[in-house]
Amino acid sequence: MSTLEAPVSRGTQQQGQRGVDPRAPQFNAIVTAVVLVAILVTPTPVAIALTALQAALFATGAIRGVQKTPHAWAFRTFVKPRLSAPTELEAPEPPRFAQAVGLVFTVVALVGFAAGVLLLAQVAIGFALVAATLNAVFRFCLGCELFLVYKRALAARIA
């Protein structure tokens, strides 16, 4: 079991399932926000490369889970040892969904760059930057909230 994962005793998951230290996605959001700002302020060829890199990072989080990303490794290795244990863990599904939402925005940005529609690329990166900044500064995960809305809508549709 990694130091990012541990049995969840409280929160949104059942006993025995693994959870995510809520500070790890916040750390991820800080790094992501820095990359997204760099995309907006660098020349287009560099912005395209950074956007492709960020899309790959989002894809890793969406496909493999937030515990398996380079950001999670950096958090476990450099940040977490300097922190006290979290008071509770969160379910990994909402942050994973948030990574998928980020992936959609970076893919739209890549399409914008490829089509020569710089404004589309910049707006897509801007939306991703707003979401990352909300998480980095306020620990408010917009993608996680969208996940909960999706789950509620799905439950209502089934009922």
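Tutor: Buried means under 20% relative accessible area. The model discussed here is predicted.

Student: Which residues of α1 are buried?

Tutor: The cut-off for buried is under 20% relative accessible area. In α1, the residues that count as buried are Arg 23, Ala 24, Pro 25, Gln 26, Asn 28, Ala 29, Thr 32, Ala 33, Val 35, Leu 36 and Ile 39.

Student: What do the buried residues of α1 pack against?

Tutor: Helix α1 has 19 residues. Its buried residues pack against one strand and several helices, namely β2 (18-20), α2, α3, α4 and α5.

Student: Why does Gln 26 count as buried?

Tutor: Gln 26 is found in helix α1, residues 23-41. Buried means under 20% relative accessible area. Gln 26 counts as buried because its relative accessibility is 15%.

Student: Which backbone oxygen does the side chain of Gln 26 reach?

Tutor: Leaving out residues up to four places away in sequence, Gln 26 touches Asn 135, Ala 136, Val 137 and Arg 139. At 3.0 Å, its side chain reaches the backbone oxygen of Ala 136.

Student: Is Arg 139 buried, partly exposed or exposed, and at what relative accessibility?

Tutor: Arg 139 lies in the loop between α5 and α6 (142-158). Its phi is near 55°, a positive value in a residue other than glycine. Buried ends at 20% and exposed begins over 50%. Arg 139 therefore counts as partly exposed, at a relative accessibility of 43%.

Student: In what order do the elements run from the N terminus on?

Tutor: The protein chain has six helices and two strands. From the N terminus on, the elements run β-β-α-α-α-α-α-α.

Student: Which members of the largest nonpolar core touch the most other members?

Tutor: This core has 13 residues. Those that touch the most other members are Leu 36, Ile 39, Ala 109, Phe 113 and Ile 125.

Student: Which helix supplies the largest share of this core?

Tutor: At least two residues of this core come from each of α1, α4 (93-115) and α5 (118-138). The largest share is six residues, and the helix that supplies it is α5.

Student: Which residues does Ala 109 touch, not counting residues up to four places away in sequence?

Tutor: Ala 109 is one of the core residues that touch the most other members. Beyond four places in sequence, Ala 109 touches Thr 51, Ala 121, Ala 124 and Ile 125.

Student: What span is expected for helix α2 at 1.5 Å a residue?

Tutor: Helix α2 covers residues 44-64 and has 21 residues. From its first C-alpha to its last it reaches 29 Å, which is close to the expected 30 Å.

Student: What do the buried residues of α2 pack against?

Tutor: The buried residues of α2 are Ala 47, Thr 51, Gln 54, Ala 55, Leu 57, Phe 58, Ala 59, Gly 61 and Ala 62. They pack against α1, α3 (70-79), α4 and α5.

Student: What is the relative accessible area of Pro 45?

Tutor: Pro 45 lies in helix α2. Its C-alpha is 9.2 Å from that of Phe 113, and the two are 68 residues apart in sequence. The cut-off for exposed is over 50%. Pro 45 is exposed because its relative accessible area is 62%.

Student: How far apart are the C-alpha atoms of Ala 56 and Thr 106?

Tutor: Ala 56 lies in helix α2. Ala 56 is partly exposed, with a relative accessible area of 41%. Along the chain, Ala 56 and Thr 106 are 50 residues apart, and their C-alpha atoms are separated by 9.2 Å.

Student: What phi does Gly 65 take?

Tutor: Gly 65 comes just after α2. Its phi is positive, at about 105°.

Student: What share of the contacts with a separation of 6 or more comes from residues 24 or more positions apart?

Tutor: The protein chain has 159 residues, and buried residues make up 38% of them. Among contacts with a separation of 6 or more, residues 24 or more positions apart account for 69%.

Student: Over which residues does pLDDT stay under 50?

Tutor: The protein chain averages a pLDDT of 91, and 89% of the residues score at least 70. For the stretch under 50, the model has 44 contacts beyond four places in sequence. That stretch is residues 1-16.

Technical notes. Residues are numbered from 1 along each chain as its sequence is written. This is a predicted model: local features need pLDDT of at least 70, side-chain atom pairs count only at pLDDT 80 or more; totals for chains, interfaces and linings use all residues. Side-chain values use heavy atoms; hydrogens and water are left out. Helices (H or I, at least four residues) and strands (E, at least two) are DSSP runs, numbered from the N terminus. Buried means under 20% relative accessible area, exposed over 50%, partly exposed in between (1.4 Å probe, protein chains only). A polar contact is a pair of N or O atoms within 3.5 Å; within protein, one must be able to donate a hydrogen and the other to accept it, and residues adjacent in sequence count only if both atoms are side-chain atoms. Contact means heavy atoms within 4.5 Å. A nonpolar core is a set of buried Ala, Val, Leu, Ile, Met, Phe, Trp, Tyr and Cys residues joined through side-chain atoms within 4.5 Å. pLDDT is the predictor's confidence in each residue, from 0 to 100. The expected span of a helix is 1.5 Å times one less than its number of residues.
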